[in-house]
Amino acid sequence: MCLSLARCAEPASDPRDATLRSVFARADQSLLRSRPSLVAGRYARMARGAYDFYRGSLPLFLHDWRDGASELSRSRFTLDLPQPWSAGDPHLENFGTLRARDGSLALEPNDLDGADRAPYLWDLRRLTVGLCLAARLSNPDAPEARAAVERAIPDIVRAAATAYAGAIAAHAGGAARARVTAGGGDPVLDDLFRRGQRDADRRRELSDLTVLTGARRTILRGAPDTTDPESLLAELPEAARDALPALLSRYRATLLAPPPAEYFTVLDSAREYGGGVASWPRVRALVLVRGPSEAPDDDVILEVKELADSVVPGGPPPSVWFDTVPARLVASARALWAVPDADPLWGADSWLGLPVLVRTESAGHKTIRVDRLVATLGTPEALTSLARHLGALVARLHAAPLPDGTSVAPAIASVVARDLAGFAQEQADVSDRYAVQLLADWERFRRALTDRGPSLGLPLDATDAPTPDQRALFGTPPAVRSL
Amino acid sequence: MSIRRTVLALSLALTPAVAVAQTPATPEAIPTAGPSTSAGTTSFAVRPGLEVFGQYALRLVDGSSGDTAWFHAFDLPRAHASLGASYGPVQGRFVLEAVRSASEGALLGVAGDSLVLRVREAWAGAAITRWIELRAGVVPTLTIPEIEGTWRLRAVAPTPLEVTGLGAPADLGVTVRARLPADVGWVAVGAYNGEGYTNRELNRGKNFEAAVALHFPRGAMRPLTLFASYVLGSSGTGLARADRLTGALLWQGDRVRAGVSVTRGWGVDDDGTRGALLVEGFARIEPVTRLLVGLRATWWQRDDRVDDDHVLTLLGSVGWRLFEPLEVHVAVSRQTAGARTLAALPGTENTELRAVTRVVF
């Protein structure tokens, strides 16, 4: 018999179940209350794949980082201050090609929604845990190949950590922050650049996402890819459409070398559903603009994406480094990328009161995908090589000069140099153990969704319903298959 | 005296009390609907109040590599505006507090990161008998107010129980307090949502708190108070255990107020398996009239499963009561942390120098 109402109402089957549910409900509370169907879509994506769960579970990562009993932030190589520029969430699916003004592609972090300042180990471990997970999820239809990759996990992580250590030492010594413009023999990156260049040359985003009627191009509606009904383009409400020219005018001012104002003449726009994982519930739109000329062949598609606060461990007071969320996104991109305009149309402002990122929607912008790590792209050697490249790239991000012109690279290099082999081994040990825990957490999450429903047990209240205008903007997302 | 007169005059001017006998007689009652809200429409006296802390703080943060970061800012640690009312055994109190609209580390707030007002207390109460008092609404909880009320230097620093998140000073719920015979103290119980006054309820479980404060009925040792409380609680949608046991030995004298308190927590930060320990020793001394000296040492074991996950805070302050409602304080604190804490919470090791003013009406 229950002695009190304190805990008997909804007993959790194990303490980690309770922690997991509470962490997600707290982190997503405002979204769950205001746009539950969009959060349900995100949770369904997370339930469907372990790597998607990793992408969408940054608040859990932060919780564990702050948990003294978790080894996630434990290290013999801690450096709490100074804090370098951080990509916020540099797991491998947040790297990809970006097309610069001259048309060349470069490998860069392409999702900087959480970019901020953070301890260097935060970024490195987001990467190495992601590598461990990717290795365990590679070659889903070839158990032997996957087993070979799993056996190589320590080597893969050591390669990332060693490359990081080497690169940060080089940057501390004055090495330039080089742009990665080719795969350099790395199977995954070669494939990425090849596909990126092919589709960029063809302007494939125009053929995939728009229709040309006479001389007028418009964004299509419905599912651009009929085999992927969860990605959908729909009408934007009138108020949102009307606010786009003003947004683009303000956003234009945040660009380093803004094209003429006519470039951003809005030709069409559509509500976009189905992008990202963590950002799945956020408002997204595609905007077709005139581009360099009236000709429909050089029309340009921009993506407008709602932003939120970063999820990082925090630092010394005032604990924030930027004035606004859009300012954080713009400043971080310019600092982290090898050239400040790796995407020349990357800017940010606010739209309908929401902080938003505006960036190029280009088929040349390819992202590393875990589900492509099969066959020749999923060998131990391929993943080790990829780990080496990304480890060095994260070091390059951390070597970016701070606003005062100083660099954190020497401080990091000094800490890491105490024991290079020990540093690499520590990352291998901690990262794979956490990846294993993450897979168990994924199962817990799936169970919680089944048992508690898409609100994870958060009591919803009808008074939290959005206003009609907000409801129109949030729209009706496509159904997402979950388990 | 002139200040006192001014305060008195101001209080009278602000008090919207009109004696019933002085209410002009209505020659003929006109049928009308009542006001849409009833506050302020009765003839009962209400009492406004105000407490404001203004602060300048300089914080020097020590990095593990030897680097130091610093930051300084003017701040408003507290701005409370209250209305209290009582009539016979019935009373009510409403307290608004100013707070930054974005939580620490966030950029998204209300109109930037404006100071906004939120409800800190809003309760209706009644003395059911001479011995028992009941309150319901957003009520002060039982443990933090007792310890903070002994410390009485909230302007210098909030109680560690609040800072560490192990407890909340107020919550939505109900409390019942009974005075013990011979004036030897009180016992009380409370039932709350359990998420504190700053958060919505996230589960069907409710927190229960029981507390007792005992002191001598008379004599020189009367200020000595033995306090104990237990919170049987839960937090989050996962209904994680969040129990707290607090024991304290307090000295609630006029010129000397001091205490030692120990709080053991079972279930912290939505993790029912995590334990925490908080030990605090403090003293507030008024060696000469108007001179206020504060000393406090706090040991916080964030996680009892980990040796080096702890924070030690030492604090000293000197203050002067310029006038009855106005105090100024200078405070210095030094915080050190275990290696595990530093990795998990960057910036925990720091030294802080603060100048604080407090005004209360």
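1. Starting in the sheet of chain A: Lys305(A) sits opposite Leu357(A) of β12(A). On the other strand, Arg284(A) has Lys305(A) as its bridge partner in β10(A). Keep in mind while looking at these pairings that the model is predicted.

2. Zooming out to the strands themselves, β9 (residues 284-289) of chain A and β10(A) run antiparallel and are joined by 6 bridges. β10(A) also runs antiparallel to β12 (residues 354-360) of chain A, this time with 5 bridges.

3. How many residues of β10 (residues 300-306) in chain A are buried? The count is 7 of 7, so the strand is mostly covered, taking buried as under 20% relative accessible area. In a regular strand, side chains alternate between the two faces of the sheet. For β10(A), both faces are covered. One side carries Val300(A), Leu302(A), Val304(A) and Glu306(A), all buried. The other side has Ile301(A), Glu303(A) and Lys305(A), also all buried. I'd point out that the buried list takes in charged names such as Glu303(A) and Lys305(A).

4. Next, Arg125(A), which belongs to helix α6 (residues 120-137) of chain A. Buried or exposed? Arg125(A) counts as buried, because its relative accessibility is 0%. Leaving aside residues up to four places away in sequence, its contacts include Tyr54(A) and Phe61(A), then the run Glu71(A), Leu72(A), Ser73(A), Arg74(A) and Ser75(A). Arg125(A) also touches Gly130(A), as well as Glu426(A), Gln427(A) and Val430(A). Worth a look in the viewer, if you have a minute.

5. For contrast, try Pro403(A), in the loop between α14 (380-398) and α15 (409-416) of chain A. Pro403(A) is exposed, with a relative accessible area of 68%. Apart from residues up to four places away in sequence, Pro403(A) touches Trp85(A) and Arg117(A). Trp85(A) is 318 residues away from Pro403(A) along the chain, yet their C-alpha atoms are separated by 9.8 Å.

6. Over in chain B, why is helix α2 (residues 143-151) described as largely enclosed by the rest of the structure? Because 7 of its 9 residues are buried. The buried ones are Thr143(B), Ile144(B), Glu146(B), Ile147(B), Glu148(B), Thr150(B) and Trp151(B). Just past the end of α2(B), check the backbone at Arg152(B), where phi is positive at about 50 degrees.

Conventions:
Residues are numbered from 1 along each chain as its sequence is written. Chains are lettered from A and ligands numbered from 1 in the order in which they are written. This is a predicted model: local features need pLDDT of at least 70, side-chain atom pairs count only at pLDDT 80 or more; totals for chains, interfaces and linings use all residues. Side-chain values use heavy atoms; hydrogens and water are left out. Helices (H or I, at least four residues) and strands (E, at least two) are DSSP runs, numbered from the N terminus. Buried means under 20% relative accessible area, exposed over 50%, partly exposed in between (1.4 Å probe, protein chains only). Contact means heavy atoms within 4.5 Å. Two strands pair if DSSP finds at least two bridges between them.
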